[in-house]
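Biologist: I'd like to go through this model with you and ask why each label was given. Can you show it first?

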Amino acid sequence: MTTPTVDVHAHVLLPEVDALVAGLPGHAEARALDARRNGRAALEVNGPMIGERIGRLTDVRARLAAMDAQGVDVQLVSPSPSHYHYWADEETAEQVYRLANEATATHCAAAPDRLRGLGLVPLQHPAHMVRALDHALAQGLAGVEISSHAPARELSDPAYEPFWSRAEETGAVVFLHPFGCTLDERLDQWYLSNTVGQPTENAVALSHLIFSGVLDRHPGLKVVAAHGGGYLPTHIGRSDHAWSARSDAGAGCAHPPSSYLKRLYFDSLVHDPYVLRELVRVAGADRVLLGSDFPFDMGTEDPVGALRAARLPEADFHAVRGGNASALLTLLSKE
């Protein structure tokens, strides 16, 4: 059977989660922070943009029709990052992840041959993350989605070690998708909060995983970085130089930083065929997965066409188109 075309970067909007947190203490402050970081002009565009896409974000039939038009056979569906709600207290956070996990699983269950799902974990409460991951897996989800940081915590924080251990043990996919950038008002014009902020956050988060030794301690982790890993893969030479030239930079990880790119996975959503070719070169053709950011405006309407534009060797093209993700998600196990 032909390997399916698999899009690992697709989102679902969960009105149930929005209804749960509306009016709770801390929610208004979190929305105000997002508004300040993004700027008024971005917010004015976001509302109509979401409105135009609400069907594809919530209705399975609309999603499948759009997938058919794109030539995508399977999507790995993750909650909109707006559902992270890392401001929430422990009780609210548990309600959020349980509802998000169950709602995402229900959405995907409407087309089980074509939709796989990811859940959420409360990154702001490390002690609850293993339980949240287990809950997601119990719903039949393939893993969980996390941001690049939580308030006052980086992904290198030792408090996350039990989570990394459990993710490695279970084979869960951990989809690293930033939401928000701590550069704050420096990026509040011209949508810099996304165009500059997201690649920056990806690079920072991945660097924490690499330089702290997380990937040494947990070599079996299945971390998928959105947006091609941001700036890191194309600027990894600077990291390698620091690792070899400075004792402080090289203290936490055993090997040159570039070597860890081959232990990670990256989606193909980089919006430039030459950057995509470089990503494949430095990470390996077996570590890049098709991604579209479906159905948001910062994604691509034609992920397969964008991949084809990189003019990869045919074997590499098909690996990225679906072979790698099929192996990662065991989609071919029934064939």
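**The sheet and one helix**

Modeller: Sure. The model is predicted, and its open sheet has 8 strands in the order S1-S2-S3-S4-S7-S8-S9-S10, with parallel pairing.

Biologist: Which are the edge strands?

Modeller: Strand S1 (6-12) and strand S10 (288-289), since each pairs on one side only.

Biologist: How do you know that S9 and S10 pair?

Modeller: Pairing needs at least two bridges. Strand S9 (residues 265-267) is joined to S10 by 2 bridges, so the pair counts, and the two run parallel. Aspartate 267 sits opposite leucine 289 in S10.

Biologist: What joins S3 to its partners S2 and S4?

Modeller: 3 bridges link strand S2 (residues 74-79) to S3, and 3 bridges link S3 to strand S4 (residues 143-146). Both pairs are parallel. Glutamine 75 has leucine 115 in S3 as its bridge partner, while leucine 120 stands opposite glutamate 145 in S4.

Biologist: What connects S3 and S4 in the β-α-β unit, and what is its hand?

Modeller: Helix H6 (residues 129-138) is the helix of that unit, which is right-handed. The path from S3 over H6 to S4 therefore runs clockwise when the strands point away from the viewer.

Biologist: What makes H9 mostly covered?

Modeller: Buried means under 20% relative accessible area, and 12 of the 15 residues of H9 are buried. Among them are Gln198, Glu201 and Leu206.

Biologist: How far does H9 reach, set against the expected span?

Modeller: Helix H9 (residues 197-211) reaches 21 Å from first C-alpha to last, close to the 21 Å expected at 1.5 Å a residue. Glycine 213 follows H9, with a positive phi near 90 degrees.

Conventions:
Residues numbered from 1 in each chain as written. Predicted model: local features only at pLDDT ≥ 70, side-chain atom pairs only at ≥ 80, totals over all residues. Heavy atoms only, no water. Helix = DSSP H or I, 4+ residues; strand = E, 2+ residues; numbered from the N terminus. Expected span 1.5 Å × (residues − 1). Buried < 20%, exposed > 50% of the residue type's maximum accessible area, 1.4 Å probe, protein only.
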